[in-house]
Amino acid sequence: MKCSLANIEGLSAEVGNLENLGPEELNQTWRALFGSERPRRVCGDLLIKALGYRLQENAVGGLKPATRRLLERWGRNGSQRGPLAEPARTQLKAGTVLVREWHGVSHRVTVLDDGFDFRGERFRSLSEIARKITGVRWSGPLFFGLKSSASEQRDGAE
């Protein structure tokens, strides 16, 4: 969603004005923006930041779906003690065959115990093979579909 300069300036002024509001005005603003009573623990600077974010979200859009899913997952895991678990990495077993079509040509890679076999030649990484196929640097796991792109993880697929 695109906003005009005037809309952005108005939004900026509205967000900046939040600090000038009294407690009851902030509560009214919360009810208007969120459709519910303000949680007791949301107060002070956090309240102003939450209201400011909601104003911006309403004006220019919210989080991408992938970011929302990531935060929801972290929120579910956040009640547990210890570090948040990283997403599981794909483990390839020896003998697995990866197939990737590139410019109409099907390429087959066999996973070995200590690397990969491509056209009878041994490689240490999928990235080396992806570079050999395309002629440019690629993330091997990305090229062979074993992970999604950073932009998709960051921005989400829409």
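1. Of the 158 residues of the protein, 20% count as buried, and this share should be read with the reminder that the model is predicted. Among the contacts whose separation is 6 or more, 32% are made by residues 24 or more positions apart.

2. The secondary structure comes to 7 helices and 4 strands. Read from the N terminus on, the elements follow the order α-α-α-α-β-β-β-β-α-α-α.

3. Helix H2, which covers residues 23–34, packs with helix H3, residues 44–60, at an angle of about 35 degrees, and the axes of the two helices are 10 Å apart. These two values are worth noting together, because two packed helices are described by the angle between their axes and the distance between the axes. The crossing in which H2 passes H3 is left-handed. On the side of H2 the contact is made by Leu26, Thr29, Trp30, Leu33 and Phe34, while H3 contributes Leu47, Ala50, Leu51, Arg54, Leu55 and Asn58. Sorted by class, the residues in this contact are 8 nonpolar, 2 polar and 1 charged.

4. Taken alone, H2 has 12 residues, and the distance from its first C-alpha to its last is 16 Å, close to the 16 Å expected at 1.5 Å a residue. Its buried residues are Leu26, Asn27, Thr29, Trp30 and Leu33. Seen down the axis of H2, these buried residues fall within an arc of 160 degrees, so they line one face of the helix. For a student meeting this pattern, it helps to recall that an α-helix has 3.6 residues a turn, so residues three or four places apart point the same way. The partner against which the buried residues of H2 pack is H3.

5. H3 can be examined in a similar manner: its 17 residues should span 24 Å at 1.5 Å a residue, and its end C-alpha atoms are 25 Å apart, which agrees. The buried residues of H3 are Leu47, Ile48, Leu51, Gly52, Leu55 and Glu57.

6. The residues that come after these two helices deserve a look at their backbone angles. H2 is followed by Gly35, whose phi is positive, near 70 degrees, and just after H3 there is Gly61, with a positive phi of about 105 degrees.

7. Positive phi values also appear at two residues that are not glycines, and here a careful reader may pause, because most residues other than glycine have a negative phi. His103, although not a glycine, has a positive phi of about 55 degrees, and this residue lies in the loop between strand E1 (97–102) and E2. With a relative accessible area of 70%, His103 is exposed. Arg119 is likewise not a glycine and has a positive phi of about 55 degrees; its place is in the loop between strand E3 (115–118) and strand E4 (121–123). Arg119 is exposed, with a relative accessible area of 62%.

8. Finally, Arg108 lies in strand E2, residues 105–112. Is Arg108 buried or exposed? At 54% relative accessibility it counts as exposed, because the cut-off for that class is over 50%. Leaving aside residues up to four places away in sequence, Arg108 touches Val97, Leu98, Val99, Asp117 and Phe118. Of these partners, Val97 is 11 residues from Arg108 in sequence, and the two are 6.5 Å apart in space, C-alpha to C-alpha.

Conventions:
Residues numbered from 1 in each chain as written. Predicted model: local features only at pLDDT ≥ 70, side-chain atom pairs only at ≥ 80, totals over all residues. Heavy atoms only, no water. Axes fitted to C-alpha atoms, helices over the stretch in contact; angles between N-to-C directions. Left-handed = near helix turned anticlockwise from the far one by under 90°. Contact = heavy atoms within 4.5 Å. Nonpolar A, V, L, I, M, F, W, Y, C, P; charged D, E, K, R; others polar. Expected span 1.5 Å × (residues − 1). Buried < 20%, exposed > 50% of the residue type's maximum accessible area, 1.4 Å probe, protein only. Arc of directions from axis to C-beta.
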